[in-house]
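Please examine the sequence and the structure shown below. The report that follows describes selected local features under short headings.

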Amino acid sequence: SGVSALKFEEAFEEEATESSALRNLPEYACTYCGIHNPSCVVRCNAPNCKKWFCNARGHTSASHIVNHLVRAKHKEVNLHRDSLLGETLLECYNCGSRNVFLLGFIPARNESVVVLLCREPCLSVNGLKDMNWDLNQWQPLIDDRCFLPWLVKVPTEQEQLRVRQISSQQINKIEELWKTNPKATLEDLEKPGVDDEPQPVALRYEDAYQYQNIFGPLVKLEADYDKMMKESQSKDGLTVRWDVGLNKKRVAYFMFPKDDSELRLVPGDELRLRHPGGSGHASWQCLGQVVKFSANEEVVLEMRSNANVPVDVSSGYSVEFVWKSTSFDRMQAAMKTFAVDDTSVSGYIYHRLLGHDVEEQSIRVNLPRRISAPGLPELNHSQLAAVRSMLQKPLSLIQGPPGTGKTVTSAAIVYQLAKQGQGQVVVTAPSNVAVDQLAEKIATTGLKVVRLCAKSREAVSSSIDHLTLHYQVRHLETPDRQELHKLQQLKDEQGELSSQ
Ligand SMILES: [Zn+2]
Ligand SMILES: [Zn+2]
Ligand SMILES: [Zn+2]
């Protein structure tokens, strides 16, 4: 016991020195490992970051700075004031681009000068050929996932051994944490709750409760991430021009600045448009819905209310994304039903979903000799096999890379199912665009298609408007269509009809 006590003391002492040393590190120490040799570190220049990183690989395949830039999607760096080139923001000599992943250098004839130039577009610009530079000498600043050592020195082996040994797993975690809390430190990773790994998914589950227990938290994590990503996408300083739509609603046109965010606006998205007011105007904000994009890629936002819209003000607007939990709520609700309601799916499907061994079932069908559908191209051999197999089984999974005709095959399956005469066929897909494409294909077979969409999407135009339920109701030819028409008009004017 004497030996182990001694060991403990030693370990304790080491830990104490390490953390006290880290506390006293200068501001420019590598945020990952703590190296603070001025010629080995650079500062990330992203607005909410400004953290320092070194040019050592440590235990990862890229240097710490490159690792950070890639994971955080940052791309500008500042050199340290004591570095070879002094305190410099790296940018293209010709166009000012600061994307270090595109920047390179050309040694000028005068040995002591280097010129930074970006690969796109400047390296290929003809005008530069007149300068006294040999463009063939251009080399990228980042080579093999490290900055060139003459620009940012690589710390020596000894320097690297003396500092914090950070693993790529820890780097992943701290980078994730920085997305919500840019001030987080590596010590925060140790706090309870930060590092709770969700249970891994399995190929087989005991029952639907276990299935829900594993997938529920994963769906929650995905929803939290989606919400965080979308709500962080507010844009300021927008210029808006106003118009009035056919339905007399106010419509805002503006460019939504595209950056490297993962957010892509699609028709149907909800945005909140604000103006802070000023010069005689009260502040204003209103929800609106993206109905389409104009020919020059402006967002066309239909406002929910025409009240107090500052139509004579064009600049100074800001916009933010309104996150909706609907699809995630539905996933959770479906899993709950699956877990608690024995009758939610058939016994066969229940066991198949949980990965249990279950005897293959086949459905007796009268397959037509020639499987085809009017209006669709001829199916090839494997598409035909997919349709046949699908018609004879309660549950099928068909997969194919892009362009292999999954939509056409699906449309043929729906056509054949409808011809079996066992009732209506429900078709779903993971996105509105996918449902539209499928609905269009199925309609070409001559089947009667009704496209259901969320009430909030009724204003959104698409190529299959004529298939939507709201359109079909509007154009219904019935004896009492006069009254229906009147109610419709009333609804358009008032926005809603009361149930009274
Ligand atoms: Zn480092
Ligand atoms: Zn950064
Ligand atoms: Zn350039």
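Are C92 and C122 buried or exposed? Both residues are buried. The model discussed here is a predicted one.

## The zinc site

C92 and C122 belong to a set of protein donors that also includes C95 and C118; each of these cysteines offers its SG atom to the zinc ion (ligand 3), at 2.2 to 2.3 Å. The angles among the four donor atoms run from 105 to 118°, and the site is tetrahedral.

Along the chain, the donors of the zinc ion (ligand 3) follow the spacing C-x2-C-x22-C-x3-C. The pair C92 and C122 links distant parts of the chain, the two residues being 30 residues apart. C92 is placed in the loop between β3 and β4 (103-107), whereas C122 is placed in the loop between β5 and β6.

## A cis peptide bond

Which residues does a cis peptide bond join? The bond is between E120 and P121, and its omega is about 0°. P121 lies in the loop between β5 (114-118) and β6 (139-140). The loop between β5 and β6 is also the place of the zinc donor C122.

## Positive phi values

K73 is a residue other than glycine, yet its phi is positive, near 60°. This residue is found in the loop between α2 (64-72) and β3 (77-79). K73 counts as partly exposed because its relative accessibility is 44%, a value between the limits of 20% and 50%.

R145, which is not a glycine either, has a positive phi of about 60°. Its place is in the loop between β7 (142-143) and β8 (146-147). Why does R145 count as partly exposed? The reason is its relative accessibility of 44%.

## The surroundings of T445

T445 is located in the loop between α10 (432-444) and α11 (469-474). With a relative accessibility of 5%, T445 counts as buried, because buried means under 20%.

What lies 2.6 Å from a polar atom of the side chain of T445? It is the backbone oxygen of I442. When neighbours within four places in sequence are left aside, T445 is in contact with A373, P374, L376 and Y415.

## Summary

In this predicted model, four cysteine SG atoms surround the zinc ion (ligand 3) as its protein donors, in a tetrahedral site. A cis peptide bond joins E120 and P121. Positive phi values occur at K73 and at R145, and T445 is buried.

Notes:
Residues are numbered from 1 along each chain as its sequence is written. Chains are lettered from A and ligands numbered from 1 in the order in which they are written. This is a predicted model: local features need pLDDT of at least 70, side-chain atom pairs count only at pLDDT 80 or more; totals for chains, interfaces and linings use all residues. Side-chain values use heavy atoms; hydrogens and water are left out. Helices (H or I, at least four residues) and strands (E, at least two) are DSSP runs, numbered from the N terminus. Buried means under 20% relative accessible area, exposed over 50%, partly exposed in between (1.4 Å probe, protein chains only). Donors are N, O and S atoms within 2.8 Å of the metal (3.2 Å for Na, K and Ca); water is not among the atoms, so sites may look incomplete. Four donors count as tetrahedral if all angles lie between 85 and 135 degrees; four count as square planar and six as octahedral if opposite donors are over 155 degrees apart and all others between 65 and 115; anything else is irregular. A polar contact is a pair of N or O atoms within 3.5 Å; within protein, one must be able to donate a hydrogen and the other to accept it, and residues adjacent in sequence count only if both atoms are side-chain atoms. Contact means heavy atoms within 4.5 Å.
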